[in-house]
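Reader: I'm new to looking at protein structures, and I'd like to understand the words people use for them. Could you take me through some of them?

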Amino acid sequence: MATMCSRAVAVAATISSPAASTNAHRRGARAMVSSFQGVRTLGAGAAIAPLRCVEQAMRKKVLVGGVRAMASANGASAPSGLPIDLRGKRAFIAGVADDQGFGWAIAKALAAAGAEILVGTWVPALNIFETSLRRGKFDESRKLPNGGLLEIAKVYPLDAVFDTPEEVPEDIKNNKRYAGSSAWTVQECAEAVKADYGTIDILVHSLANGPEVTKPLMETTRKGYLAAISASTYSYVSLLKYFAPVMNPGGSSLSLTYLASEKIIPGYGGGMSSAKAALESDTRVLAFEVGRKYGIRVNTISAGPLRSRAAKAIGFIDDMINYSTANAPLQKELEADDVGHTAAFLSSPLASAVTGTLIYVDNGLHAMGLAVDSPSVAKAAAPAPEKTNVAA
Ligand SMILES: NC(=O)c1ccc[n+]([C@@H]2O[C@H](COP(=O)([O-])OP(=O)(O)OC[C@H]3O[C@@H](n4cnc5c(N)ncnc54)[C@H](O)[C@@H]3O)[C@@H](O)[C@H]2O)c1
């Protein structure tokens with residue numbers, strides 16, 4: 001009976017519609033149940049009980065994915081939902097140097113969906129990252145929902161500020177933080193990935209750097225401004241330029257952006273707001289160019305505040321998190337996994353028609369036009385949260 005009921009619940013989901021009348025629902029339910037009688041697992045005479053279940057489910061407005069319902073109706077052995085399935089896909093994630101940032105969470109989500117993971121790590125951070133990985137420092141946060149561990153097939157040295165070896169200046173070549181690493185320009189990194197693995201399917205840009213980020217725009221030097229754009233924006237153009245030819249058609253690429261591109265966020269300076277605005281504009285243009293030439297999708301995720309290493313360097317990340325919790329529609333702290341899960345969806349065939357798009361993963365903060373915790377705002381403007389709306 002439990003099985004019949006759960007199948008019936010699935011069927012109810014396919015035929016339930018808020019606009020339809022109860023009678024129409026009942027007619028739909030009967031039609032579905034009579035088609036169910038052909039399904040061997042139910043057998044003759046089982047129609048009455050499923051019908052009751054279907055109608056119960058409709059009354060309770062149970063929602064179940066349509067594909068799951070179809071699988072049941074087709075007699076598949078176990079309804080499997082609508083999975084994000086990245087088995088057989090390979091991802092290169094640029095910008096992973098610890099387990100605190102979005103890049104790590106994206107790597108985990110893609111791995112959980114079955115993808116093979118390669119990462120590109122900024123050369124000055126490479127040694128400590130590899131040592132920490134080797135010594136098991138990240139073992140706790142490597143755990144995946146299925147009980148396995150995130151496996152990184154290979155860590156590539158990368159400095160996304162340099163496209164080709166010819167461009168690397170002497171002072172960087174001789175810098176001791178770069179000693180011991182080679183082939184870390186974007187072009188060489190893409191060539192190394194191609195030599196090792198042939199192709200990739202997913203490219204993630206999860207990196208940014210603004211040397212003068214703590215300075216207001218008016219006090220930012222030309223050098224600092226251009227450095228922010230170079231590391232945080234052109235680096236994505238460069239990655240796509242060199243990696244797109246290594247990507248399989250139907251592949252997906254994404255970057256991470258921030259609300260400061262479109263709204264004033266005092267403190268996010270040094271040209272970083274401009275760099276994010278450029279990144280968002282480039283997302284659209286690149287979606288066209290790379291979509292037409294290689295059949296690859298290009299999207300960006302506008303993430304809410306997260307206490308990553310890069311964000312801590314800006315200096316006011318705790319204030320931004322508190323502000324979001326006080327003012328966003330959803331009053332909970334953003335988890336890096338929230339972004340990881342959206343990245344997994346965007347990278348999957350489920351998003352095969354999504355390109356040139358910015359998706360907010362910020363508990364809805366972007367949609368607010370009023371700081372409801374402002375002392376100048378009457379309490380009535382900010383409805384008290386229901387218990388169910390309190391942070392999980
Ligand atoms: N943390 C936030 O609140 C927040 C919010 C919105 C968007 N973002 C964006 O998310 C992305 C990831 O940042 P994060 O906050 O997870 O921090 P993070 O510190 O985990 O990631 C930044 C990474 O960039 C790498 N990097 C810097 N310069 C590089 C270079 N020249 N070449 C290669 N790698 C380089 C760093 O080593 C680091 O691994 C960035 O684009 C950031 O702007 C962050």
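Author: Happy to! In this predicted model, let us start with helix α5 (residues 102–112) and helix α13 (residues 336–347), whose axes come within 8 Å and cross at roughly 50°.

Reader: What makes α5 oblique to α13?

Author: Set the angle against the cut-offs. The axes cross at roughly 50°. Angles under 35 degrees count as roughly parallel, and 65 to 115 as roughly perpendicular. The value fits neither range, so α5 is oblique to α13. As for the sense of the crossing, α5 passes α13 in a right-handed one.

Reader: Which residues in α5 meet residues in α13?

Author: From α5 come Phe 102, Ala 105, Ile 106, Ala 109 and Leu 110. Their partners in α13 are Ala 336, Asp 337, Val 339, Gly 340, His 341, Ala 343, Ala 344 and Ser 347. By class, this contact has 9 nonpolar, 3 polar and 1 charged residues.

Reader: Why are α9 and α10 called roughly parallel to each other?

Author: Look at the angle again. Helix α9 (residues 222–243) and helix α10 (residues 272–294) have axes that cross at roughly 15° and come within 9 Å. Angles under 35 degrees count as roughly parallel, and therefore α9 and α10 are given that name. Their crossing is right-handed.

Reader: How do the residues of the contact of α9 with α10 divide by class?

Author: They divide into 12 nonpolar, 3 polar and 1 charged. Among them are Tyr 225, Ala 228 and Ile 229 of α9, and Met 272, Asp 282 and Val 290 of α10.

Reader: At what angle do helix α8 and α9 cross?

Author: Helix α8 (residues 186–197) and α9 cross at roughly 35°, with axes that come within 9 Å. Here too the crossing is right-handed. Val 186, Gln 187, Cys 189, Ala 190 and Val 193 of α8 make the contact with Ser 238, Leu 239, Tyr 242 and Phe 243 of α9. These residues divide into 7 nonpolar, 2 polar and no charged.

Reader: Now the ligand. How do you know that Lys 276 makes a polar contact with the ligand?

Author: A polar contact is a pair of N or O atoms within 3.5 Å. An N or O atom in the side chain of Lys 276 is 2.8 Å from an oxygen atom of the ligand, so the pair qualifies.

Reader: What distance separates a backbone N or O atom of Leu 306 from an oxygen atom of the ligand?

Author: That distance is 2.8 Å. For Ala 160, a polar backbone atom is 2.9 Å from a nitrogen atom of the ligand.

How values were computed:
Residues numbered from 1 in each chain as written. Predicted model: local features only at pLDDT ≥ 70, side-chain atom pairs only at ≥ 80, totals over all residues. Heavy atoms only, no water. Axes fitted to C-alpha atoms, helices over the stretch in contact; angles between N-to-C directions. Helix = DSSP H or I, 4+ residues; strand = E, 2+ residues; numbered from the N terminus. Parallel < 35°, antiparallel > 145°, perpendicular 65-115°, else oblique. Left-handed = near helix turned anticlockwise from the far one by under 90°. Contact = heavy atoms within 4.5 Å. Nonpolar A, V, L, I, M, F, W, Y, C, P; charged D, E, K, R; others polar. Polar contact = N/O pair within 3.5 Å; in protein donor to acceptor, adjacent residues only side chain to side chain.
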